[in-house]
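Me: I would like a close look at one helix-to-helix contact in this model. Please set that contact within the chain that holds it, and keep the terms explicit.

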Amino acid sequence: MNDAFFLRPDWAPTAHGPAEIRQTSGSLHIRVHNRSLTRVQDDWAQSVRDTVQVASYPLAVWLAASWWRLCWEPAPERTPQTDWCLSHDMHGAGHGFLWPPLRFESDGEMVTLVCTPSRADSHEPIRYLTQCRESIPVSLFMEGVAAFIQTVLARLDVVGVPHTALHLLWQAVTQEQRDPRTASYRRLEALLGFDPDDAPDSIAEPLSQLSKKAGEAAVAELAAACARRRDPALMWADIEQSLGCQGVWGTLAGMPAVPGVDASAPGAPPPWERGRALARATRTALGLGLEPVADRLLCDLLGLTVRDLTEGDAPLQGMPWSLAIRAVGGERAQLLFRSNHYHGRRFEGARWLGDAWSAPVQDRWLPATGTRMARQKRQRAFAAELLAPIAAVQAYLGDDLTDEDRVLEAGDHFGVSPLTIRSQLANHGLIVPETGGGY
Amino acid sequence: MKPRRTTANPKRKIAAQPDSKAQARLDELAGRVGYGGNPEHKRHPGDFGLTPPSQPRPDKALCDDAGIFTRLEATRLLQAGVRKGLISLQKRNGWPQNIWAVNEQGIPFEAQLENAEQGQYHGYPMPEADPLRHTVLERWQSS
């Protein structure tokens, strides 16, 4: 059994409802990293327990039906819509049970389990007590969920309730996982924010085709960014417009040779830590101490003139991404800025440099988006630490970490926005984040 | 080739707001749905005539807490939900898998199909954290 994350039922059949509900009733214990996510205060029994009395069947159905979105779809940049919540909040399982207030957010590398305690003024007879935010690799999440579903299926088989909707649904999921092309398509659908079979051909098919030119991993990043558009027609419109834009020619080969961390290695640090480490190594290799990265140096790394960097066009203004497009067989790249602002353009350039270092070789397109995908977290962390290293920001601000004027001055000094300064401070735990925080 | 499943998506989805053509079908359906009940959602037996009369479980939403104590009240609510078109897209044997309604106290309910031959349902107040809860309230108020 996967000790990092498991859902463990204990059977105690009930007398009411359909057979699949009755026979999979009993207690359920959910844990992640030794935290019980089913710890409740039971007002009736006036006690606290680590299990809840539910039927595992509807939960297994929900997990199987939401499988692709749970494993791959990130949390949205803004407040999640109902459809996203129905696929990511355990209460989406319905059937009148008081499920744990547990939300699953993937970034493509890790799944974060966000557990919120019940409100103190809740009138419900049980109150969930655990508050936590724990992340596990996607592989361990899949393992834990699959083991639970298989346990429920085994139970149904033993008690003579075969051929349920869960059997058929799980069979479909496992078949899809075994075929790389189908799995890739399902993942793309999930990133776009659709349930299986719901993504219209008008967006899913062209994106699949684009992956041959732009790279599969790059298209996954675009798909996640497209999901902010509710209308599939608008989703493809953003990409079509991007395809027709011309950027400024530069290079992404200017980065010095520095060691990196294999993201796939067991126990690899989270993406933002890898981004920060790469940025620090880069600054060291460039001979930088606490001083800002001058425009001239950044332009040398990007193969641009200072005018191109600071005052050039922003062909992707209004789009959900900026793009660097690597030329075939060479070191040149077309750089398509999104921002018209000096600070924003420096940040975009830095993000592309960090992404070029670690992106798959097959990715010709290097998108910088606003999503919560792991790759974007790494990019943002890299750019922030390259341009405004936290040690230098702290040294500059001294004790005035929250003085707005000082933050503005720090932004000007390092050539980044005040938001980047505040984010650096918040992400290093030096100030309270204004919003959800994190890269 | 695009993959295509043969299994239905079990995710709860409320059907679109009905037009005048659909209303006649909904009114007819409302006359046919029935309320069975589940003792696990009841602290007090009421007049539901269940066996056992009640068998409340703390880990289930309870009708009592939302002021539903009689079969007549439950049935009226069920029928009102159908008439307002708050039925699920998913169907079993022609019956909506779920029906939603809001009582006079403003508490949203969900009903689950329990007998797909007779169109019998059992219901419960929607848990506070159910993502569909506010959607049901909005649709109820706008219809």
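Reply: What follows goes from the whole chain to the helix pair.

This is a predicted model, in which local features need pLDDT of at least 70 and side-chain atom pairs count only at pLDDT 80 or more, whereas totals for chains, interfaces and linings use all residues. Residues are numbered from 1 along each chain as its sequence is written, chains are lettered from A and ligands numbered from 1 in the order in which they are written, and side-chain values use heavy atoms, with hydrogens and water left out.

Chain A has 18 helices and 14 strands, where helices (H or I, at least four residues) and strands (E, at least two) are DSSP runs numbered from the N terminus. A compact globule of 439 residues would have a radius of gyration near 22 Å, and the 24 Å of chain A agrees with this; the radius is taken over C-alpha atoms, and the globule rule is 2.2 Å times the number of residues to the power 0.38. Along the principal axes, the C-alpha atoms of chain A fill a box of roughly 75 × 50 × 35 Å. Of the 439 residues in chain A, 56% are buried, that is, under 20% relative accessible area with a 1.4 Å probe and protein chains only. Among contacts in chain A with a separation of 6 or more, 65% come from residues 24 or more positions apart, contact meaning heavy atoms within 4.5 Å.

Now to the pair itself. Helix α11 (residues 271-285) of chain A packs with helix α15 (residues 374-387) of chain A at an angle of about 35 degrees, and their axes are 7 Å apart; axes are lines fitted to C-alpha atoms over the stretch in contact, with angles from 0 to 180 degrees between N-to-C directions. The crossing of α11(A) past α15(A) is right-handed, meaning that the near helix is turned clockwise from the far one by less than a right angle. On the α11(A) side, the contact is made by A:P271, A:W272, A:R274, A:G275, A:R276, A:L278, A:A279, A:R280, A:T282 and A:R283, while α15(A) contributes A:A374, A:K377, A:R378, A:A381, A:F382, A:E385, A:L386 and A:L387. These residues divide into 9 nonpolar, 2 polar and 7 charged, with Ala, Val, Leu, Ile, Met, Phe, Trp, Tyr, Cys and Pro counted as nonpolar, Asp, Glu, Lys and Arg as charged, and the others, Gly among them, as polar.

Definitions and conventions:
Buried < 20%, exposed > 50% of the residue type's maximum accessible area, 1.4 Å probe, protein only.
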